[in-house]
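Visitor: Can you walk me through a structure?
Guide: Yes, here it is.

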Amino acid sequence: MEMPIAESQINKRRLSLSLYMNYLIHGFGIIILAQNMVALGSTWQVPIKTVSFVISGIGIGRLVAYLITGTLADMLSRKLFVFIGMACYLIFALGMVITHSIPVAYGLAILAGIANSALDAGTYTTLVEMNNGKGYDTILIKGFVSIGEFILPLIVAALSANNLWFGWSFIVMAVLTIANMINMSTVKFPKIQRVTLRHHQQTVSQSKKSLRKIFATILLLGYGYTSMAVMIWFTQWITLFAQKSLGYGNLTAHTLLSLYSVGSIIGVITLFILLKRNINEMTLLISLNLVAVIALLIILIEGNNINLVSIASLVFGFSAAGGIMQTGLTVFMNLYPHHRGMVTGAFYFFGSIASFTVPLITGILSTHSIQLAFAGDLAVALSGTVLMVVLALLNVKEKINNGTN
């Protein structure tokens with residue numbers, strides 16, 4: 001039995017709010033260990049490098065879980081996996097302030113990575129299905145993560161300034177999670193779109209279309225890697241590049257990263273509005289990736305012009321970190337509308353590979369020069385742009401073929 005329209009709209013708003021709140025909490029989870037490294041090291045009586053090792057467990061949790069959670073979310077329940085993600089983050093937040101064991105802490109960090117993958121598997125798919133395949137609501141996820149990343153350092157700084165226990169930052173995260181779980185328990189999720197035999201037979205019978213679909217899948221998986229790598233690359237190296245290669249002062253160098261963050265928030269709002277107005281997703285994917293390439297070129301070529309580099313950093317955040325990765329995922333999910341959870345897992349699995357490999361690649365490049373290490377980001381940005389251009393050409397060819405059939 002379907003809900004009345006008014007009740008359905010209220011349910012949709014409450015569900016959307018709860019899903020977004022999870023990503024504000026996720027914004028906490030991404031940086032909460034790094035923000036409390038000194039305090040955790042003191043509590044655990046270990047050096048900072050050991051705390052850094054514990055943080056690496058988050059990446060392992062993501063890598064291990066993404067393909068599993070995505071596939072199971074299609075088979076079982078979106079709501080179940082959202083709750084699994086929330087429960088994992090709750091255990092992580094409370095466990096970190098209780099344990100004094102490094103192995104247990106590492107296990108909790110892995111659990112945080114699993115929380116991330118479970119939330120993604122249940123959330124992206126739900127937001128797309130609530131809007132009949134349109135992905136504009138997924139763009140706001142990036143905005144709420146940024147809000148969480150903005151709020152948490154303020155909480156940590158306030159606790160430190162008032163000589164209060166660092167663990168309160170974890171408790172705030174846990175309280176927000178519990179409150180959101182209570183609200184989430186009373187809302188309904190949209191039904192999962194199931195594969196029908198007729199649809200399956202039609203897909204199998206069109207061999208040429210299937211071949212193009214396989215090629216498009218490879219391109220989008222590659223974009224899952226490049227779109228994540230280009231952001232990680234920039235955030236890890238822009239400050240050091242500005243200091244060592246461009247000769248900027250400490251404050252100016254760090255300001256470039258802040259401008260990148262501001263640009264990403266502006267990008268989220270802009271992309272949400274454009275997609276809401278049905279602007280073609282492939283057009284946005286190509287144009288914004290191209291803008292990111294140009295912004296990086298300006299930073300590399302016009303390093304002596306601080307004002308131009310500052311504007312380019314803002315523009316790069318706008319174009320590369322304003323939700324364009326989520327737009328790529330929406331295109332991918334619409335390629336496989338009956339396997340959206342699996343697709344989400346696969347897409348972010350390749351993004352997780354980027355989070356592991358980028359530090360390794362840039363570390364090797366930095367032995368030659370910091371400039372070379374940063375310049376590698378341009379090659380990645382170009383690769384992502386080429387992938388999207390080829391995908392667009394593939395789509396055009398398919399439309400032409402469909403028109404002649």
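What follows is a short chat about two helices, some aromatic rings and one more helix.

Guide: This is a predicted model, where local features need pLDDT of at least 70, side-chain atom pairs count only at pLDDT 80 or more, and totals for chains, interfaces and linings use all residues. Residues are numbered from 1 along each chain as its sequence is written, and side-chain values use heavy atoms, leaving out hydrogens and water.

Visitor: At what angle do α5 and α6 cross?
Guide: The axes of α5 (residues 102-130) and α6 (residues 136-161) cross at roughly 140° and come within 7 Å. Axes are lines fitted to C-alpha atoms, for helices over the stretch in contact, with angles from 0 to 180 degrees between N-to-C directions. Helices are DSSP runs (H or I, at least four residues), numbered from the N terminus.

Visitor: Which residues meet there?
Guide: Thr123, Tyr124, Leu127 and Val128 in α5 meet Asp137, Thr138 and Ile141 in α6, where contact means heavy atoms within 4.5 Å.

Visitor: New topic. How many aromatic pairs are there?
Guide: The count is 19 aromatic pairs. Rings of Phe, Tyr and Trp (its six-membered ring) pair if their centres lie within 6.5 Å; planes under 30 degrees apart are stacked, over 60 edge-to-face, the rest tilted. Phe166 and Phe170 form an edge-to-face pair, 6.3 Å centre to centre with 85° between the planes.

Visitor: Are Phe166 and Phe170 buried or exposed?
Guide: Both Phe166 and Phe170 are buried, meaning under 20% relative accessible area (exposed is over 50%, partly exposed in between; 1.4 Å probe, protein chains only).

Visitor: And how many residues of α13 are buried?
Guide: In α13, 10 of its 12 residues are buried, among them Ile324 and Phe332.

How values were computed: Helix = DSSP H or I, 4+ residues; strand = E, 2+ residues; numbered from the N terminus.
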